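Work through the exercises below with the sequence and the model open. Try each task before reading its solution.

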Amino acid sequence: MKFKAKKIILLFSVVFTLAILVVVILKFSASDYKFSNDEEEISVQDPSYQIDVQNGCGVEDVAFQITQYLRAKGFDVIDYGNYGTTVKESFIIDHVGKPDTARMIAKVLGIDERKIIRSKSKYYNEFTVVIGMDYIMLKPFKNKSEGAF
């Protein structure tokens, strides 16, 4: 009987210790380390690349608004204007072969990474962001009611 009681106490101690460990892990993961894809704040401290924003949606001032949003995040947007045609979906052109930077720009704007196009060109900037008719689904416009820019 004495052996059985020791076994029960040991089992209880192990379960209690595991429960405390789970509570501590959940507490830290819920408060100090919030990294959800939708909530993560991205900003650039010292951009070493230049971005051009082109309006391909046909709605006035969209390129300007995206430019302001990116600049507020620390990106170096050197120009904005109208794209040559209207496009359905927004995309990014990587002129210099920096896929990590292109993905970061896509993430900040909410553009699908599959919409990054690699184009070897001697364009005056490294990246071109073309805003399509899906602009209302991009992060700056989804968050507009919260004062995103």
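The exercises cover a sheet, its salt bridges and one buried acidic residue in a predicted model.

**Exercise 1. Lay out the sheet.**
Task: In what order do the strands of the open sheet lie, and which are the edge strands?

Solution.
Step 1. The open sheet has 5 strands, in the order 2-1-5-3-4, and the pairing is mixed.
Step 2. Strand 2 and strand 4 are the edge strands, as each of them pairs on one side only.
Step 3. From one strand to the next, the twist averages 20°.

**Exercise 2. Describe the pairing and cover of strand 1.**
Task: In which sense, parallel or antiparallel, do strand 1 and strand 2 pair, and how many residues of strand 1 are buried?

Solution.
Step 1. Strands of a sheet pair through backbone hydrogen bonds, in a parallel or antiparallel sense.
Step 2. Here strand 1 (residues 51-55) pairs with strand 2 in the parallel sense, over 5 bridges.
Step 3. Ile51 has Val77 as its bridge partner in strand 2, and Asn55 has Asn82.
Step 4. Of the 5 residues in strand 1, 5 are buried.
Step 5. In a regular strand, side chains alternate between the two faces of the sheet.
Step 6. In strand 1, Ile51, Val53 and Asn55 are on one side, Asp52 and Gln54 are on the other, and all are buried, so both faces are covered.
Step 7. Helix 2 (residues 62-72) lies across strand 1, strand 2 and strand 5 (127-131), and runs at about 165° to strand 2.

**Exercise 3. List the salt bridges.**
Task: How many salt bridges does the structure hold, and which residue pairs with Glu89?

Solution.
Step 1. Side chains of opposite charge can pair when their charged atoms come close.
Step 2. The structure holds 3 salt bridges.
Step 3. Glu89 pairs with Lys115, with the closest N and O atoms 2.6 Å apart. This pair links distant parts of the chain, 26 residues apart: Glu89 is in the loop between strand 2 (77-82) and strand 3, and Lys115 is in the loop between helix 3 (99-109) and strand 4 (116-118). Glu89 is partly exposed, at 40% relative accessible area, and Lys115 is partly exposed at 29%.
Step 4. Arg103 pairs with Asp100, with the closest N and O atoms 2.3 Å apart. Both residues lie in helix 3, 3 residues apart, which is about one turn of the helix. Arg103 is partly exposed at 32% relative accessibility, while Asp100 is exposed at 57%.
Step 5. Asp112 pairs with Arg114, with the closest N and O atoms 2.5 Å apart. Asp112 is partly exposed, with a relative accessible area of 31%, and Arg114 is exposed at 73%.

**Exercise 4. Account for Asp94.**
Task: Why does Asp94 have no salt bridge with Arg118, and what does its side chain reach?

Solution.
Step 1. Asp94 is in strand 3 (residues 91-94), and Asp94 is buried.
Step 2. The nearest side chain of opposite charge is that of Arg118, 4.7 Å away.
Step 3. A salt bridge requires a distance within 4 Å, so Asp94 has no salt bridge with Arg118 at 4.7 Å.
Step 4. The Asp94 side chain instead reaches the backbone nitrogen of Gly97, at 2.8 Å.
Step 5. Leaving aside residues up to four places away in sequence, Asp94 touches Pro99, Ala102, Ile116, Ile117, Arg118, Ser119, Glu126 and Phe127.

Notes: Residues are numbered from 1 along each chain as its sequence is written. This is a predicted model: local features need pLDDT of at least 70, side-chain atom pairs count only at pLDDT 80 or more; totals for chains, interfaces and linings use all residues. Side-chain values use heavy atoms; hydrogens and water are left out. Helices (H or I, at least four residues) and strands (E, at least two) are DSSP runs, numbered from the N terminus. Buried means under 20% relative accessible area, exposed over 50%, partly exposed in between (1.4 Å probe, protein chains only). Lys and Arg count as positive and Asp and Glu as negative; His and the chain ends are not counted. A polar contact is a pair of N or O atoms within 3.5 Å; within protein, one must be able to donate a hydrogen and the other to accept it, and residues adjacent in sequence count only if both atoms are side-chain atoms. Contact means heavy atoms within 4.5 Å. Two strands pair if DSSP finds at least two bridges between them. Axes are lines fitted to C-alpha atoms, for helices over the stretch in contact, and angles run from 0 to 180 degrees between N-to-C directions.
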